[in-house]
Amino acid sequence: MRFLFKTAYEQDIKLFRDRTTVVWYLVLAVTVLALPAMLSRYYIGEITWVFIYGICGVSLMVLVGYTGLVSLGHAAFLGIGAYAHAYLVHHGVPWVASVAIAVAITTACGVIVGLPALRMTGIYLAIATLAFSVIIQEVFTRWEGVTGGFAGMAVDKPEIFGIRFSNETSFYYLCGATLALTLLLTQNLLRSPTGRAWIAIRDSEIAAQSMGVYLPFYKSVAFAYSAALMGLAGALFAHKIAYLAPDIFSILFSIQLLLLVIVGGLGSLQGAVFGAIFVALLPPIIAILRDSIPAGMADAAHATGIGLIGTIGHGIGEFLKKPGVEAGIFGLILVLVILVEPSGMYGRWTKIKLFFSMFPMYKRDSFKRQKSYMRSERLR
Amino acid sequence: MLQLMFLRRNGVVALEFVPRTRSDTGIDWVGVKPPARGGDKLATFLQLTLNGLAVGCIYGLVALGFVLIYKATELVNFAQGDFLMLGAFVSYMAIVWWGLDYWISFLIAALAVAAFGALLDMTVLRRVIGQPQFAVVMLTIGLGAIFRTFASVTWGSEIYTLPTPFSGVTQVAGVTLSHQYLSIIVATLILCGVLYGFFRYTRMGVAMQATSQNQLAAYCMGIPVKLIFSLVWAISAAVATAAGILLAPVTLIDINMGLAVALKAFAAAVVGGFGSIPGALIGGITIGLIELYAGATLPEGIKNTAPYIVLLVMLAVRPQGLFGTPGRKRV
């Protein structure tokens, strides 16, 4: 266990905790830069999804994980960003300007949604954002002049200052750089007074208010910033998916984004990235398992001479091929995470780290959660 | 439905259009067609009102399920619509596959789903009481996804039609009274009467009221709070099943029938004031009427969004709903 000897207040808000952390992040950066040389185009495309989901995750993490405001309608912001960007690019606006305008539009929408949210908490806010996203989805369907309606809308590859990001690798670097900038910006915000105000609001609104945090302002800023990041992610999303249709931005996508932050671990930026890795890579992994499990178990059956193994493998393969199984697997993982490890993948990672650094003195109760049984909402 | 997950199969970025039977949020009310314009205005109005009442009763029943669970356990159950779907499928299985009588199937489905709801409470939901509300919401959303997958694996993703004894129509003064819609309204009235009697006059019902007012005090008075919770889940699952069976002949049965209804039932519960039982029913009827009136008179596209617009206006103007009481949070 390494103890930090703090000699200055600045140490509390340092970007990295100590030099070892810096080294590890450098190693990670070099690995990410070198990956396209090592992996095939398919995997690079999949990792690009991780980056895009990562930006979405950071956006939702700021709102849900740091400010404590639940949104069941974030797919709508993604859609607004994606459609605005696609429309502008299609009409000849330069890429950077188009992204900036798309982000500005989503930010404005975020503020507008955030205004009524100032009066609501908890479940009411979730339902209000859900209603907002349903309405926006209907707008996407009906506003055919801009969105193309049900028929959808094709999106070109990005072109920035004359450089065309036409292949997977260049787009990979574009998305990776955007995610890195997003993380840096958000981390800087979080260690500034704004971020500390957000965390205070999450932990106790009343306590924050009595310490002089002006709730309406900071909640609006959280909504606006979260929506802005979603708009940015939307612009990249539009290029990556290449074809926009209103069905994509449904409530199910919003739920998937919430799943991302919960599985990753609420209240940590690392959690957003972990969650993005999980959400983006689970479908391809299921696709691989769909073919490899029956094949592998058939081989095992052949080698051992027990036919039952082959039959079971075939059954698993058939099960995974059924429509809608993927959603069920996501649901099952969500349920298990909430029941077994509510602090998500990042929480588990910190526990493992602490276990090894404290070995053999690790105590399970260091992470014991407090439950509150107060029926506060209806006390009157 | 889940197009996005099918988008990137084998690394090819392409949209696969899954055949749309109904949108995620809209319900195709078979037979609820706005009457031709220019006809008898009063008859049109009455017709819309009747249909809206029937639609609203379904929303009200599902909202009632939300409210019962919320009042008793402070959990918000996003899987209520999936209980409805499960109930409809079980009754279909009993009627068509096993060839049982409609009413016996009704009973079997209600009991089966109620038992399932109670079991779910004992095994899963009891563990999350006391955790943040958000975690519970996500848990029930996850459970709903599991139920839908279960239904699609067990019963397939086809669309089924439930045979029903109420199929005729009666013409009264230019208004077509569809027996299906009448059956929904009558059954809702009966169900509400039974529930009212249960909560008002039986020992168990009064114990439930006590538990919903104060768990700790109820526990100290010797009320088996855990059992009460399971029973509340069972009742609300059974109510959802009843709504599902009543709804099934109208919208047909498929795995996504619950989601569409549940979203609007949420609007209903909020409009009525989350936590008020008469409010849930009145909210449901309000939403149903608004949906049909808007569909008949306003441009296309408003019909599906009207309930949500009403919901947002309600939240902005009167966040506690029609019948709710504003609560203050204690530090």
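The following dialogue examines a predicted model of chains A and B.

Student: What conventions apply to numbering and to confidence in this model?
Tutor: Residues are numbered from 1 along each chain as its sequence is written, while chains are lettered from A and ligands numbered from 1 in the order in which they are written. Local features need pLDDT (the predictor's confidence in each residue, from 0 to 100) of at least 70, side-chain atom pairs count only at pLDDT 80 or more, and totals for chains, interfaces and linings use all residues.

Student: What is the mean pLDDT of chain A?
Tutor: In chain A, 96% of the residues reach 70 or more. Over residues 374-380 of chain A, however, pLDDT stays under 50, and the model has 13 contacts beyond four places in sequence for that stretch; a contact requires C-beta atoms, placed from the backbone, within 7 Å. The mean for chain A is 86.

Student: What pattern does chain B follow along its sequence?
Tutor: Helices (H or I, at least four residues) and strands (E, at least two) are DSSP runs, numbered from the N terminus. Chain B comes to 11 helices and 2 strands. Read in order, the pattern is α-α-α-α-β-β-α-α-α-α-α-α-α.

Student: Which residue stands opposite T170(B) in β2(B)?
Tutor: Strands β1 (residues 169-172) and β2 (residues 175-178) of chain B pair in the antiparallel sense over 4 bridges, where pairing requires that DSSP find at least two bridges. They form a hairpin with 2 residues between them, and A173(B) in the turn has a positive phi of about 50 degrees. V169(B) stands opposite S178(B). The partner of T170(B) is L177(B).

Student: At what angle do the axes of α3(A) and α4(A) cross?
Tutor: Two packed helices are described by the angle between their axes and the distance between the axes. Axes are lines fitted to C-alpha atoms, for helices over the stretch in contact, with angles from 0 to 180 degrees between N-to-C directions. The axes of α3 (residues 74-90) and α4 (residues 95-117) of chain A come within 8 Å. They cross at roughly 145 degrees.

Student: How many nonpolar residues has the contact of α3(A) with α4(A)?
Tutor: Residues of α3(A), including F77(A) and L88(A), meet residues of α4(A), including W95(A) and C109(A). Ala, Val, Leu, Ile, Met, Phe, Trp, Tyr, Cys and Pro count as nonpolar, Asp, Glu, Lys and Arg as charged, and the others, Gly among them, as polar. By class, the contact has 5 polar residues, no charged ones, and a nonpolar count of 12.

Student: Which elements are included in the cover of the buried residues of α8(A)?
Tutor: A residue is buried if 20 or more other C-beta atoms lie within 10 Å of its own, exposed if 12 or fewer, and partly exposed in between. In α8 (residues 193-203) of chain A, the buried residues are G195(A), A197(A), W198(A), A200(A) and I201(A). Their cover includes α2, α7, α9 and α10 of chain A.

Student: Is L252(B) buried or partly exposed?
Tutor: L252(B) lies in the loop between α8 (225-251) and α9 (257-272) of chain B, and has a positive phi of about 70 degrees although it is not a glycine. It has 18 C-beta neighbours inside 10 Å, so L252(B) counts as partly exposed.

Student: Which residue does a cis peptide bond join to F359(A)?
Tutor: Most peptide bonds are trans. Here omega is about 0 degrees. The partner lies in the segment after α15 (344-358) of chain A, and is P360(A).

Notes: Two residues are in contact if their C-beta atoms, placed from the backbone, lie within 7 Å.
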